[in-house]
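This report introduces one protein model to a reader who has not met it before. Please keep the sequence and the structure in view while reading.

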Amino acid sequence: MPKIEASHHAHVKPVDRAQAARLLLELLYRVHYVVGMKVQDTLRTSDGLDRHQTAVLWIIRSEGTDGRSISRKYVEKQLTSWYDISSSAISKAIRGLASKDIGFLYITESPNSGREKLIELTPDGVSFMQKMTRNGSAMCEWYLNNMSQWESEVDVCLFIYTKISALFGKMIDAERRDAGEPVAYAAPQESVLHHPLTHVITDKSYSWEDIPTVPREYVPLMQLNIFFPIHYKAGNKLELVMRSGTGLSRQQIIILLLMFGEGENHSKMARKRIEAALSSWLELTSSSVSKAIRSLTTREVGLLTIDESPESGREKIVQLTPKGRKFISKLVESGVSYLQTLVDQLGDDELDMVVHIFARTNAIFDGYPGPFRVG
């Protein structure tokens, strides 16, 4: 476990702990939406699968028994907690994967209960999963090759993503126990690489000097394994926290967060940009996105206005109303409050690391050349 020379990370700016949760919210927004969707695009491997089907396969690969089978109820529980999606829509996605046209899944009765169903990869499904993993590993190799401001920056990256995903998992499980809900456990795949500190990483705070070196031949696959819980579990949990109690749909909330995160003065954006982002992220038609935007402009909701662009009468500008800005402020505060619980479990060095790594991730993926396809 070599020591990291101070000079190697001396340029990392210390984070003001009082502002850390707010800063982390801004960075995690982009890691979840912008980076996470690009990771999904690589994992899809072809245009034949939608995002929900990709998530089903990756849950099997990441959390299933031997990476090949899992309870359908477990998958449904995960997806309904992540997405604004019905159980019937999830069943449709699973049936599509089991159809003759795709043929990646078997659906069978569980040996433990005739009422339970198992979903299991077919030989074609196994082959496709291997292809997904190769493509994802190629993407992560590109990403980590760019994580090179100092020799051990890759090790810091792997540590931070592992710790953040572990803390989110701990917080989610605690909330389920407090609510009297069962914690969903799935048998881990033995062959999936995990960080050396995975089982003890939440036990204490670590300094720069404590970060272990990971053999470089393992790092692409390890990073790929970490991207799954960061995007699906951590990102979607934060989104759910911010949406809770608002009465708005996931589509509507994402429009508002997109405008706040990437809009001019956090409040204004060309409608074309919103349509392009949501069409890609949520696989919606342009008319569906337009309908979601218009639903936020009604007299009853009153969070947005749509105006002509001063540069072109054919362009439309979407802008937050005063009511919309107050609404966004409440969303942000709920997200900050939730992330403060996370910040409180990080040491000062770890706080500096997470802000640095999330910012570096966003900067690197700005030059994303994918989706990666290696055959």
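## Two loops and a cis bond

Asn265 lies in the loop between α8 and β4, where helices (H or I, at least four residues) and strands (E, at least two) are DSSP runs, numbered from the N terminus. The model is a predicted one, so that local features need pLDDT of at least 70 and side-chain atom pairs count only at pLDDT 80 or more, while totals for chains, interfaces and linings use all residues. Residues are numbered from 1 along each chain as its sequence is written, and side-chain values use heavy atoms, with hydrogens and water left out.

Asn265 has a positive phi of about 55° although it is not a glycine, and with a relative accessible area of 64% Asn265 is exposed; here buried means under 20% relative accessible area, exposed over 50%, and partly exposed in between, computed with a 1.4 Å probe on protein chains only. Asp66, found in the loop between α2 and β1 (69–71), has a positive phi of about 55° and is not a glycine either. Asp66 counts as exposed because its relative accessibility is 54%. Most residues other than glycine have a negative phi, and most peptide bonds are trans. A cis peptide bond, with omega of about 5°, joins Gly370 and Pro371, and Pro371 lies in the segment after α12.

## Helices and residues within them

Helix α12 (residues 348–365) has 18 residues and reaches 26 Å from its first C-alpha to its last, close to the 26 Å expected at 1.5 Å a residue, the expected span being 1.5 Å times one less than the number of residues. Helix α12 is mostly covered, since 14 of its 18 residues are buried. His356 is found in helix α12 and counts as buried because its relative accessibility is 11%. Leaving aside neighbours within four places in sequence, His356 is in contact (heavy atoms within 4.5 Å) with His11, Val12, Gln149, Trp150 and Glu153.

Helix α8 has 13 residues and reaches 18 Å from its first C-alpha to its last, close to the 18 Å expected at 1.5 Å a residue. Among the buried residues of α8 are Arg250, Ile255, Leu258 and Met259.

The table sets out three threonine and lysine residues that lie in other helices.

| Residue | Helix | Relative accessibility |
|---|---|---|
| Thr133 | α5 (residues 123–145) | 18%, buried |
| Lys77 | α3 (residues 72–82) | 31%, partly exposed |
| Thr341 | α11 (residues 322–343) | 39%, partly exposed |

Not counting residues up to four places away in sequence, Thr133 touches Trp58, Arg61, Leu221 and Leu224. Thr341 and Ala179 are 162 residues apart in sequence, and their C-alpha atoms are 18 Å apart in space. Lys77 and Asp203 are 126 residues apart along the chain, with their C-alpha atoms separated by 28 Å.

## Strand pairing

Which strands does β6 pair with? Strand β4 (residues 268–270) is joined by three bridges to strand β6 (residues 316–320), and the two run antiparallel; two strands pair if DSSP finds at least two bridges between them. The bridge partner of Lys268 in β6 is Gln319. Strand β5 (residues 304–308) also runs antiparallel to β6, with five bridges joining them, and Leu304 stands opposite Leu320 in β6.

## The core and a pocket

The largest nonpolar core has 122 residues, and those with the most contacts inside it are Leu57, Tyr143, Ile274, Trp281 and Phe358. Such a core is a set of buried Ala, Val, Leu, Ile, Met, Phe, Trp, Tyr and Cys residues joined through side-chain atoms within 4.5 Å. Helix α1 (residues 20–44) gives the largest share of this core, 14 residues. Leaving aside neighbours within four places in sequence, Ile274 is in contact with Ile255, Leu258, Met259, Met269, Val289, Ile293 and Val318.

The second largest pocket is lined by 15 residues, of which His52, Asp84, Arg250, Leu282 and Leu284 lie nearest its centre. The elements that give two or more residues to its lining are α1, α2 (51–63), α8 (250–262) and α9 (271–282). A pocket is defined on a 1 Å grid over the protein atoms alone, as an open set of points where a 1.4 Å probe fits, with protein on both sides within 12 Å along at least five of seven lines, and lining residues have an atom within 4 Å of a point.
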